[in-house]
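Q: Please give me a close look at one strand and its setting in this model. How is it paired, and what surrounds it?

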Amino acid sequence: MIRVLLADDHLLIREALVLLLETEDGIEVAADVGRGDEAVERALALRPDVAVLDIDMPGLDGLAAAERLARELPACRLVIVTAHGRPGNLRRAMAAGVRGFLGKDAPGRRLAQVIRQVADGARYIDPQLAADALAAEECPLTPRELDTLRAAADGAPVSRIARTLGLSEGTVRNYLSAAVTKLGTDNRHTAARTARDRGWL
């Protein structure tokens, strides 16, 4: 029996996926949650075989939750199911150790197939998303510039970004300035939006 934790902040989608998976032989939904931080907590408590995570969730996004689970619960296989299959998300997911990545427009039965595949140690990446990632423009920003821009994306002040990332305010300003210059934008908010639109955040 493959024990699955399911995390999606849209209740209707989550309930539909639970019902779908419960009709599948050999798959049991151990828990379903609506927040990324809850997904990490429940996974650490229940130790499922597979965690299926949406990207856009409150508390902690699915990619950040995947990064934590990869570190703290490496035996749990990770699958991302998202409406936002941007190349940057795919790259970040792969770097976090995600074994499956598919769009929410995939056929319902595909999710069960992917769960079985990753539980057996294989990978599954939606072919169209993989092709898009290969064709995507290379990101000119360093990992630290991306971290800083990601922290600034919701309009946080420099002081909070510095505390969050453990950097000085001057260093944060330097990273943000470099990102704005490299992306050819007027300010950090536009830079964050541009980076997100290109799939780098």
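A: The answer starts with the strand, then moves outward to the sheet, a loop and two helices.

The model is predicted: local features need pLDDT of at least 70, side-chain atom pairs count only at pLDDT 80 or more, and totals for chains, interfaces and linings use all residues. Residues are numbered from 1 along each chain as its sequence is written, and side-chain values use heavy atoms, with hydrogens and water left out.

Take strand β5, residues 100-103. Strands (E, at least two residues) and helices (H or I, at least four) are DSSP runs, numbered from the N terminus. Gly-100 and Leu-102 point one way from β5. Phe-101 and Gly-103 point the other way. In a regular strand, side chains alternate between the two faces of the sheet. All four of these β5 residues are buried. Buried means under 20% relative accessible area, exposed over 50%, and partly exposed in between (1.4 Å probe, protein chains only).

Now the pairing. Two strands pair if DSSP finds at least two bridges between them. β4 (residues 77-82) runs parallel to β5, joined by four bridges. Val-81 has Leu-102 of β5 as its bridge partner. β5 also pairs with β6, again in the parallel sense, over two bridges. There, Gly-100 is bridged to Tyr-124. Phe-101 stands opposite Ile-125.

Step back to the sheet. It is open, has six strands and pairs in parallel, in the order β2-β1-β3-β4-β5-β6. β2 and β6 stand at the edges with a single partner strand each, so one side of each has no neighbour in the sheet.

Next, the loop after β6. Asp-126 sits between β6 (124-125) and α6 (127-135). Leaving aside neighbours within four places in sequence, Asp-126 is in contact with Phe-101 and Leu-102. Contact means heavy atoms within 4.5 Å. Asp-126 is buried yet has no salt bridge. A salt bridge needs a side-chain nitrogen of Lys or Arg within 4 Å of a carboxyl oxygen of Asp or Glu. The nearest side chain of opposite charge is Arg-110, 5.3 Å away. Here Lys and Arg count as positive and Asp and Glu as negative; His and the chain ends are not counted.

Arg-110 falls within the range of helix α5, residues 108-119. The buried residues of α5 include Leu-111, Ala-112, Val-114, Ile-115 and Val-118. They cover an arc of only 160° around the axis, which puts them on the same side of α5. The arc is that of the directions from the helix axis to the C-beta atoms. Just after α5, Gly-121 takes a positive phi of about 100°.

Helix α2 (residues 36-46) buries Gly-36, Ala-39, Val-40 and Ala-43. Their arc is within 95°, so they line one face of α2. An α-helix has 3.6 residues a turn, so residues three or four places apart point the same way. The buried residues of α2 pack against β1 (2-7), β2 (27-33), β3 (50-53) and α3 (62-72). The face turned away from the buried side of α2 carries the exposed Glu-41 and Ala-45.

Arg-47 follows α2 and lies in the loop between α2 and β3. Its phi is positive, about 50°, although Arg-47 is not a glycine. Arg-47 is exposed, with a relative accessible area of 53%.

Last, the whole chain. Its domain assignment gives domain 1 (2-134) and domain 2 (143-198). Such bounds come from an automatic or database domain assignment. The C-alpha centres of the two domains lie 28 Å apart.
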